[in-house]
Amino acid sequence: MKRNVFAIIGTSALTLSLLMLNSCKSDADSPGLEYAPDMYRTPSIEPYVDYGEVRGRIDESKKVKLSARIPARNTIPYYGKDTSEVKLMLPYFRKPNVAFRETHGLYGFDVSLADEYALAAADKNPLLINAKNAESLLTKGKELFTAMCQHCHGEKGDGMGPMVLSKAYEGVVPNYANLANLSDGQMFYSIYYGKGMMGSHGSLLSKKEIWTLIHYVRQFQNKDYGKFDASGKPVMSAVVSDTTAVKP
Ligand code: HEC
């Protein structure tokens with residue numbers, strides 16, 4: 001009986017040391033035998049790690065060569081000459097503080113954030129309107145408005161869209177004409193994050209599309225909005241216009 005136990009222990013120790021010896025390699029850079037190489041190295045192509053190895057096969061000709069490919073479609077560029085254009089593509093910097101307060105409040109954190117909606121009042125529409133781009137900007141605005149907003153806000157922006165007439169949204173959709181003092185930034189904030197019965201459009205529209213829509217909405221508040229005289233000056237003096245404006 002005792003002999004058997006010694007034999008088992010002896011054989012196991014021998015097998016174990018053989019296994020351990022087997023994992024030793026003379027290469028100082030080698031980790032030795034890898035029992036689960038997939039855990040260390042991803043089988044997919046790593047664009048910025050160029051060791052020419054894909055699924056265990058090393059392609060010598062691809063080693064130490066730039067392997068980065070063209071970025072996936074709709075990737076947001078972080079460089080470019082037109083800084084305002086790039087800025088328009090980056091995510092909106094304001095946080096949905098209401099949701100943040102709700103979630104963090106649950107865990108007992110004191111989140112005394114400033115009222116971001118109030119702060120948004122200072123944000124200006126970076127997509128400036130001028131005599132040259134007004135027509136294409138407002139045409140694009142109409143296209144977006146018809147598809148995304150008109151069913152609630154109404155074709156004339158009076159808050160009488162089919163959703164309201166059907167009584168589903170009765171009495172909650174404002175007439176844009178009554179919101180003439182609402183800043184561009186607050187309009188953006190509400191469209192991006194939603195307000196009251198209006199859902200968030202942040203995932204449905206790009207920042208540029210939202211700023212375009214804001215120009216379109218302004219027309220319902222002043223019929224001269226987006227109109228320019230022969231010399232290119234805005235008919236409505238309050239319109240912020242710039243000849244060096246962002247391309248539409
Ligand atoms: C489902 C119906 C619905 C849709 C779709 C909708 N809205 Fe609204 N919108 C509302 C309601 C309701 C309010 C009033 C929210 C409040 O003040 O409680 C509102 C408010 C607004 C305001 C005022 C925001 C503020 O800060 O007071 C603007 C500007 C606006 N909407 C623009 C848009 C634009 C542009 C679109 C299209 C992208 C759109 N809305 C789509 C229902 C809608």
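**Exercise 1. A lysine at the ligand**

How far is an oxygen atom of the ligand from an N or O atom in the side chain of K195? Work this out in the predicted model above, and then collect other polar contacts of the ligand.

*Solution.* Start with K195: an N or O atom of its side chain lies 2.9 Å from an oxygen atom of the ligand. Move on to Y117, where a polar side-chain atom is 2.6 Å from a ligand oxygen atom. Then take H153, which places a polar side-chain atom 2.7 Å from a nitrogen atom of the ligand. Each of these distances fits the 3.5 Å limit for a polar contact.

**Exercise 2. The iron site**

Find the protein donors of the iron atom of the ligand, name the geometry of the site, and place each donor in the chain.

*Solution.* Step one is the donors: NE2 of H153 and SD of M198 lie 2.0 to 2.2 Å from the iron atom. Step two is the geometry. The iron atom has 6 donor atoms, with angles of 85 to 178° among them, and the site is octahedral. Step three is the position of the two protein donors. H153 belongs to helix α7 (residues 150–153), while M198 sits in the loop between α9 (184–193) and α10 (207–218). The pair is 45 residues apart and so links distant parts of the chain.

Step four is accessibility, for which the cut-off for buried is under 20% relative accessible area. H153 has a value of 10% and is therefore buried. M198, at 27%, counts as partly exposed.

**Exercise 3. The shell around the ligand**

Which residues come nearest to the ligand, and which element gives the largest share of the shell?

*Solution.* Begin with the residues: 24 of them surround the ligand, and C149, C152, H153, S190 and M198 come nearest. Next, look at the space itself, since the ligand takes up the largest pocket. The elements giving two or more residues to the shell are α7 and α9. Of the elements, α9 supplies the largest share, with 4 residues.

Now follow α9 further. This helix is mostly covered, as 8 of its 10 residues are buried. Among the buried ones are Q186, F188 and S190. Just after α9 comes G194, which takes a positive phi of about 90°.

**Exercise 4. Backbone and loops**

Take the loop between α8 and α9 and describe K167 and S183: is each one buried or exposed?

*Solution.* Both residues can be placed first: K167 is in the loop between α8 (162–165) and α9, and S183 is also found there. K167 has a relative accessible area of 59%, so this residue is exposed. S183, at 16%, counts as buried.

Now check the backbone. Most residues other than glycine have a negative phi. K167 is not a glycine, yet its phi is positive, at about 75°. For S183, compare positions along the chain and in space: I214 is 31 residues away in sequence, and the two C-alpha atoms are separated by 9.8 Å.

The loop between α7 and α8 offers a further case, M160. With 46% relative accessibility, M160 counts as partly exposed. Its C-alpha atom is 8.7 Å from that of Q150, which is 10 residues apart from M160 along the chain.

**Exercise 5. A buried asparagine**

Where is N133 found, and which backbone oxygen does its side chain reach?

*Solution.* Locate N133 first: this residue is in the loop between α5 (116–119) and α6 (134–148). Its relative accessible area is 4%, so N133 is buried. The side chain of N133 then reaches the backbone oxygen of L128, at 2.9 Å.

**Exercise 6. The whole chain**

How many helices and strands does the chain have, and what share of its residues counts as buried?

*Solution.* Count the elements to get 10 helices and 2 strands. Reading along the sequence gives the pattern α-α-β-β-α-α-α-α-α-α-α-α. Finally, 26% of the 248 residues count as buried.

Definitions and conventions
Residues are numbered from 1 along each chain as its sequence is written. This is a predicted model: local features need pLDDT of at least 70, side-chain atom pairs count only at pLDDT 80 or more; totals for chains, interfaces and linings use all residues. Side-chain values use heavy atoms; hydrogens and water are left out. Buried means under 20% relative accessible area, exposed over 50%, partly exposed in between (1.4 Å probe, protein chains only). A polar contact is a pair of N or O atoms within 3.5 Å; within protein, one must be able to donate a hydrogen and the other to accept it, and residues adjacent in sequence count only if both atoms are side-chain atoms. Donors are N, O and S atoms within 2.8 Å of the metal (3.2 Å for Na, K and Ca); water is not among the atoms, so sites may look incomplete. Four donors count as tetrahedral if all angles lie between 85 and 135 degrees; four count as square planar and six as octahedral if opposite donors are over 155 degrees apart and all others between 65 and 115; anything else is irregular. A residue is near a molecule or strand if one of its heavy atoms lies within 4 Å of it. On a 1 Å grid over the protein atoms alone, a cavity is a set of points where a 1.4 Å probe fits but cannot get out, and a pocket is an open set with protein on both sides within 12 Å along at least five of seven lines; lining residues have an atom within 4 Å of a point. A molecule sits in a cavity or pocket if more than half of its atoms lie within 2 Å of its grid points.
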